[in-house]
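Student: I have a chain to go through before I set anything up. Can we take it from the overall fold down to single residues?

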Amino acid sequence: NKMSNNLLVVTHGTLSKALKETAQMIFGDPGCIDTLSLCQDMGIDDLREKVNAYFEEHADENVLVLVDIISGSPFNSIIPYLKKDNVFVTTGVNLPMILELTLKKDSTEFNEWCAMAKEIGIQGIVTKNDIFKKMED
């Protein structure tokens, strides 16, 4: 009885929703991306309440949390859950990360899936020089 893998994207502003909508535009609805946002008219306590409610609802499931930046309020709202084995966080969320993780969600063990997040995020950042070098090889 394998616990399901869940993807939660928590960001400042509407970035999390925009990333989800963009992923849906590319792949169709992957149906497994949850988003929480710290919007301008919200306090950090409002976000904490939403985060708490999310983790209560998903208490018996694996949750990979992707946040925008380390030490920001979205990241800080996750801190109380980081000691749990079924919760993992990766900062610097980007679109390649979300696309690849969505594809591998059901076919990958949780710990491996979490480790992939950072690698995919890094590999998704490419410069002009990288592209030219690859063309030469």
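Tutor: First, a definition: helices are DSSP runs of H or I with at least four residues, and strands are runs of E with at least two, numbered from the N terminus. Keep in mind that this is a predicted model.

Student: What pattern does the chain follow along the sequence?

Tutor: Start with the tally: there are 6 helices and 4 strands. Now put them in sequence order. The pattern reads β-α-β-α-β-α-β-α-α-α.

Student: How does the radius of gyration compare with the globule rule?

Tutor: For 137 residues the rule gives 14 Å. The chain is close to that, so it is as compact as a globular protein of that length. Its radius of gyration is 16 Å.

Student: What share of the contacts between residues at least 6 apart joins residues at least 24 apart?

Tutor: Contact here means heavy atoms within 4.5 Å. Take the pairs at least 6 apart in sequence, then keep those at least 24 apart. The share is 71%.

Student: Which element gives the most to the largest nonpolar core?

Tutor: This core has 19 residues, and Leu7, Val9, Ile33, Leu64, Leu66, Ile98 and Leu101 touch the most other members. Two or more residues come from each of β1 (5–12), α1 (15–27), β3 (62–67), α4 (95–104) and α5 (110–123). With 6 residues, the top contributor is α5.

Student: How many residues are in the other core?

Tutor: It lies apart from the largest one. Its members include Val10, Tyr54, Tyr81 and Val89. The count is 17 residues.

Student: Which residues is leucine 7 in contact with, leaving aside neighbours within four places?

Tutor: Leucine 7 is among the residues that touch the most other members of the largest core. Some of its contacts are core residues named earlier: Ile33, Leu64, Leu66, Ile98 and Leu101. The others are Cys32, Asp34, Tyr54, Thr102 and Trp113.

Student: Is serine 71 buried or exposed?

Tutor: Serine 71 sits in the loop between β3 and α3 (73–78). The cut-off for exposed is over 50% relative accessible area. Serine 71 has 55%, so it counts as exposed.

Student: And what is the phi of serine 71?

Tutor: Most residues other than glycine have a negative phi. Serine 71 has a positive one. The value is near 70°.

Student: How far apart are the mean positions of the positive and negative charges?

Tutor: The chain has 13 positive and 21 negative charges. Take the mean position of each set. The two are 4 Å apart.

How values were computed. Residues are numbered from 1 along each chain as its sequence is written. This is a predicted model: local features need pLDDT of at least 70, side-chain atom pairs count only at pLDDT 80 or more; totals for chains, interfaces and linings use all residues. Side-chain values use heavy atoms; hydrogens and water are left out. The radius of gyration is taken over C-alpha atoms; the globule rule is 2.2 Å times the number of residues to the power 0.38. Lys and Arg count as positive and Asp and Glu as negative; His and the chain ends are not counted. The place of a charge is taken as NZ of Lys, CZ of Arg, CG of Asp or CD of Glu. A nonpolar core is a set of buried Ala, Val, Leu, Ile, Met, Phe, Trp, Tyr and Cys residues joined through side-chain atoms within 4.5 Å. Buried means under 20% relative accessible area, exposed over 50%, partly exposed in between (1.4 Å probe, protein chains only).
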